[in-house]
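Work through the exercises below with the sequence and the coordinates at hand. Try each task before reading its solution.

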Amino acid sequence: MQFTVTDVPERERFEARDETGAVAGFVTYQLTGSIIAYTHTEVDPAFEGRGVGSTLARAVMDDARAKGRTVVPICPFLADWLVKHPEYESIVVRSTRKIK
């Protein structure tokens, strides 16, 4: 199954949709100048296990890199995903505290 990820700035989120247009998941964000904080990732239970979260993570990080933004990964899912994807490290700022 293929998912298309688009920015929906009026809702401050990126949405992943399937071929029928159904929202499979989203990542919310807060944008301040060139700094983007990704705050939450959610995948619809009907789409779990199909790579929606990883598709969203890669899309939002590629978008941030293309736009010259600095990323603050507040969302635990995205923060964990970034540990496995060091190719984005140069645009990520991390806190010294771990939020649980």
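The exercises go from the sheet to the core, then to rings and charges. The model is predicted.

**Exercise 1. The sheet**

Task: Give the strand order of the open sheet of five strands, and find which strands stand at the edges.

Solution.
- Step 1. Trace the pairings. The order is S1-S2-S3-S4-S5, and the pairing is mixed.
- Step 2. Look for strands with a single partner. S1 and strand S5 (70-73) each have one, so one side of each is left without a neighbour in the sheet. These two are the edges.
- Step 3. Check the twist. On average, neighbouring strands are turned by 25 degrees against each other, direction ignored.

**Exercise 2. Two antiparallel pairs**

Task: How many bridges join S1 to S2, and how many join S3 to S4?

Solution.
- Step 1. Recall the background. Strands of a sheet pair through backbone hydrogen bonds, either parallel or antiparallel.
- Step 2. Take S1 and S2. They run antiparallel and are joined by five bridges. For a register check, Thr4 stands opposite Arg17 in S2.
- Step 3. Take strand S3 (residues 23-32) and strand S4 (residues 35-43). They also run antiparallel, with eight bridges between them. Here Val27 faces Thr41 in S4.

**Exercise 3. A positive phi**

Task: Where is Glu12 found, and what is its phi?

Solution.
- Step 1. Place the residue. Glu12 lies in the loop between strand S1 (4-8) and strand S2 (13-17).
- Step 2. Describe the turn. The hairpin of S1 and S2 has four residues between the strands.
- Step 3. Read the torsion. Phi of Glu12 is near 50 degrees, which is positive in a residue other than glycine.
- Step 4. Classify the exposure. Glu12 has 41% relative accessibility, and the partly exposed class runs between 20% and 50%, so Glu12 is partly exposed.

**Exercise 4. The nonpolar core**

Task: Which residues have the most contacts inside the largest nonpolar core, and which element gives the most to this core?

Solution.
- Step 1. Start from the general tendency. In soluble globular proteins, nonpolar side chains tend to be buried together.
- Step 2. Size the core. The largest one has 23 residues.
- Step 3. Rank by contacts. Tyr38, Met61, Val71 and Leu78 have the most inside the core.
- Step 4. Assign the elements. S2, S3, S4, H1 and H2 each give two or more residues. H1 gives the most, with six.

**Exercise 5. Aromatic pairs**

Task: How many aromatic pairs are there? What is the geometry of Phe3 with Phe47?

Solution.
- Step 1. Count. There are four aromatic pairs.
- Step 2. Take Phe3 and Phe47. Their centres are 6.0 Å apart and their planes meet at 80 degrees, an edge-to-face pair.
- Step 3. Locate them. Phe3 sits in the segment before S1 and Phe47 in the loop between S4 and H1, 44 residues apart. Both Phe3 and Phe47 are buried.
- Step 4. Take Phe14 and Tyr38. The centres are 6.5 Å apart and the planes stand at 65 degrees; edge-to-face needs over 60, so this pair qualifies.
- Step 5. Locate this pair too. Phe14 is in strand S2 and Tyr38 in strand S4, 24 residues apart.
- Step 6. Check burial. The limit is under 20%, so Phe14 at 4% is buried. Tyr38, at 0%, is buried as well.
- Step 7. Extend the set. Phe14, Tyr29 and Tyr38 form one aromatic cluster.

**Exercise 6. Charged side chains**

Task: How many salt bridges are counted? Are the partners Arg13 and Glu15 buried or exposed?

Solution.
- Step 1. Recall the principle. Side chains of opposite charge can pair when their charged atoms come close.
- Step 2. Count. There are seven salt bridges.
- Step 3. Take Arg13 and Glu15. They form a salt bridge at 2.8 Å, N to O. Both Arg13 and Glu15 are buried.
- Step 4. Take Arg69 and Asp63. Their salt bridge spans 3.8 Å, N to O. Salt bridges with shared partners join Arg11, Arg13, Glu15 and Arg17 into one network.
- Step 5. Take Arg58 and Glu87. The closest N and O atoms of this salt bridge are 3.6 Å apart. Arg58 belongs to helix H1 (residues 52-66) and Glu87 to the segment after helix H2 (76-83), 29 residues apart.
- Step 6. Compare with the classes. Arg58 is partly exposed at 34%, and Glu87 is partly exposed at 37%.
- Step 7. Return to Arg13. Its charged end sits over the ring of Phe26, 4.2 Å from the ring centre.

Terms used. Residues numbered from 1 in each chain as written. Predicted model: local features only at pLDDT ≥ 70, side-chain atom pairs only at ≥ 80, totals over all residues. Heavy atoms only, no water. Buried < 20%, exposed > 50% of the residue type's maximum accessible area, 1.4 Å probe, protein only. Salt bridge = Lys/Arg side-chain N within 4 Å of Asp/Glu carboxyl O. Pairing = 2+ DSSP bridges. Axes fitted to C-alpha atoms, helices over the stretch in contact; angles between N-to-C directions. Core = buried A, V, L, I, M, F, W, Y, C linked by side-chain atoms within 4.5 Å. Phe/Tyr/Trp six-rings, centres within 6.5 Å; stacked < 30°, edge-to-face > 60°. Lys NZ or Arg CZ within 6 Å of the ring centre and 35° of its normal.
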